[in-house]
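Work through the exercises below with the sequence and the 3D structure open. Try each task before reading its solution.

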Amino acid sequence: MAHGPAKGIGRWIFTTNHKDIGTLYLWFSFAMFLLGGFFAMVIRAELFEPGMQIVRPEFFNQMTTMHGLVMVFGAIMPAFVGLANWMIPMMIGAPDMALPRMNNLSFWILPFAFAILASTLFMEGGAPNFGWTFYAPLSTTYAPPSVNYFIFGVHIMGASSIMGSINIIATVLNLRAPGMTLMKMPLFVWTWLITAFLLVAVMPVLAGAVTMMLMDVNFGTSFFNAAGGGDPVLFQHVFWFFGHPEVYIIILPAFGVISAIIPAFSRKPLFGYSSMVYATAAIAFLSFIVWAHHMFTVGMPLTGELYFMYATMLIAVPTGVKVFNWISTMFRGAMTFETPMLFAIAFVILFTMGGFTGLMLSIAPSDIQYHDTYFVVAHFHYVMVAGAVFSGTAAVYYWLPKWCGKMYDETMGKLQFWIAFIGFNITFFPQHFLGLAGMPRRYADYALQFADWNMVSSIGAFIYGAAQLLFLFNVIRTIVAGKPVTEPKTWEGAEGLEWTLPTPAPYHTFSTPPEVK
Amino acid sequence: MGNSPVARLTAKLLLWAVAMFAFAVFLMPPLYDAFCELTGLGGKTGGPYRATEAGIDESRTVKVQFIATNNGEMPWDFEPLAYEVRVHPGQPQAARFFARNPTDRNMVAQAIPSITPFQAAQYFHKTECFCFNRQQLAAGADAELPLVFIVDRDLPRSVNTITLSYTLFDVTESTTEPVAKLN
């Protein structure tokens, strides 16, 4: 019964194969990464010097909004869904995902969602310009007409994410090979299982938030309209009830990737496996009860600020457990520094820095100073870019030989790493200074005293952007002309079921489940 | 696969997603309103209040300040006739706001109150207020808008000053009637 992929374009449109769909997700997310990166380049080019040079302020606002939306919902989330599609069945000994047809649907509605979102750039009144957090009433009363397209796009993305996560939960809970108990699952599977539960819980809340916006904009309701008895602050509560779990939705699968790569290149088993699982679950639980730390300036009572401040600080404990375990895994390991490991180590260092600035921001009295400044921008780029994007890059380099049976160019990979690492830090480290000095985020212009660090930051951004083109080139070159590899284990220290399969991974794997001892 | 474990789990998860959507749209707004009403957070005041014969507490004097703000592009002139009054808790007190429509078209406005500090919100009662209804002014017309309030005798001792702020919204274009109880 084993047969290969269908021929032609139909293979990709009608496929229900988890590897094909994983590939589609990964390429789509990389395309979105380049699009969102292009928006970022427009932002940094405009901010290269004070004053207005390249774009109008209205367009600048559209760029910051679209950059955030495309990167969060188009690049990072689909990238990890793609990794989940490729790796989870191979890691738990399943022949495919549990719901292959829904898998096809959940991918193929995504291009339409982003086509709708991107088309707003060419509409009268322009694209959404109210920031990726789309606070009401800016996104309702004062929104451009294209807001309805934005809402519809978010609905489709949400549906895609919900279907994708239901599929992952169904796969992990029902299709594990005999003997693969929950506590034997690789951490990447664990983190994705927990992430999928978060997604099913909060993506509908996001859909609810945009639905209420839709009603306010078009049908005269007053959910967020003070003139009709509503409350704009309600929007922020609903949004961040989704939004805070969302940041862990983005970072937990990244934790899983790092927990696979660091043991492989340290040639030691992961230190503290079960504490990693419990820490992940603890982070997921805490993510639901800290949302208002994004809203310290709305005029909360002191007790509220104290509660959200302490609850937020509590998240540092399970996160600290994870960082401790990664470092302990490396401790006295026979470490080598191939490209995936370089990205993984950079992840641990830079993510920890982003975590510490997060702790600074969690302190309510000082957050009132940092709120909506470039300090916040620096903070979340340290966790989103050096966290999620670095780990995604590490994952691609780590599993690419298994996927396509070709070895990437190690020198080019390392070169890309160093350009990305240096470029990233030149871009975002100075933004801490800018924020502490009081530069507000989301403006097309700034006061003269911020000029020097902004220029440095822009130069860094162009360097970091160039590293991504090198990444694209390296991956394509590997697929087209990489040195073939055939041994099942690409990496000496790699563990897990996926490395027991032939390289490249056949189109159908584990048609008969493996025995896990 | 009708009744397989995968199908059952999928159905449960789908149901869960629908329930979370319903929670966000149908439960979160009323929960938020109830929570704000209970705590006074957001500084919203209650609807029309029926005065009770609880007597006047002459041992205390509370300063009540008035602020009038126009929302967005609202062109009306809008201000309190007196910027502050001193009242004893339990004593009904009248205040008036002046409003003028300087434009050449008929307009409808809605005033939205907010109390600072929010701890005082549930102790600030209004027996009569222009904010209970929409206010209509013809082009060039003006009006004195009435307000009668009572500061509750149970107002916490720590509160000596209450600021009542009205924000005036232009609702000429809006077709739906406001919900009176939310004012």
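**Exercise 1. Find the place of B:Pro117 in chain B, then describe the peptide bond before it.**

Step 1. B:Pro117 sits in the loop that runs between strand 5 (107-116) and strand 6 (124-129) of chain B. Strands here are DSSP runs of E with at least two residues, helices are runs of H or I with at least four residues, and both are numbered from the N terminus.

Step 2. The bond from B:Thr116 to B:Pro117 is cis, with omega near -5 degrees.

Step 3. Chain A also has a cis peptide bond, joining A:Ala136 and A:Pro137, with omega about 5 degrees. A:Pro137 lies in the loop between helix 5 (110-119) and helix 6 of chain A.

A note on the source: this is a predicted model, in which local features need pLDDT of at least 70 and side-chain atom pairs count only at pLDDT 80 or more, while totals for chains, interfaces and linings use all residues. Residues are numbered from 1 along each chain as its sequence is written, and chains are lettered from A and ligands numbered from 1 in the order in which they are written.

**Exercise 2. Check the length of helix 3 of chain A against the expected span, and say where the helix kinks.**

Step 1. The expected span is 1.5 Å times one less than the number of residues. For the 36 residues of helix 3 (residues 57-92) of chain A, this should give 52 Å.

Step 2. The end C-alpha atoms are 50 Å apart, which agrees.

Step 3. A kink of about 35 degrees is centred on A:Met71; the bend at a residue is the angle between axes fitted to the seven residues ending there and the seven starting there.

Step 4. Just after helix 3 of chain A, A:Gly93 has a positive phi of about 75 degrees.

**Exercise 3. Is A:Arg332 buried or exposed? Ask the same of A:Phe510.**

Step 1. A residue is buried if 20 or more other C-beta atoms, placed from the backbone, lie within 10 Å of its own, exposed if 12 or fewer, and partly exposed in between.

Step 2. A:Arg332 has 9 other C-beta atoms within 10 Å, so A:Arg332 is exposed. A:Arg332 is in the loop between helix 11 (316-330) and helix 12 (339-362) of chain A, and its phi is near 60 degrees, a positive value in a residue other than glycine.

Step 3. A:Phe510 has 20 C-beta neighbours inside 10 Å, so A:Phe510 counts as buried. A:Phe510 is in the segment after strand 2 (483-484) of chain A, with phi near 55 degrees.

Step 4. In helix 3 of chain A, 33 of the 36 residues are buried, so the helix is largely enclosed by the rest of the structure.

**Exercise 4. Describe the side of chain A that touches chain B.**

Step 1. Contact requires C-beta atoms, placed from the backbone, to lie within 7 Å. By this rule 29 residues of chain A are in contact with 30 residues of chain B.

Step 2. Helix 6 (147-174), helix 7 (187-218) and helix 8 (232-266) of chain A each supply at least two residues of this side. The largest share, 9 residues, comes from helix 7 of chain A.

Step 3. The residues of this side divide into 21 nonpolar, 7 polar and 1 charged. Here Ala, Val, Leu, Ile, Met, Phe, Trp, Tyr, Cys and Pro count as nonpolar, Asp, Glu, Lys and Arg as charged, and the others, Gly among them, as polar.

Notes
Two residues are in contact if their C-beta atoms, placed from the backbone, lie within 7 Å.
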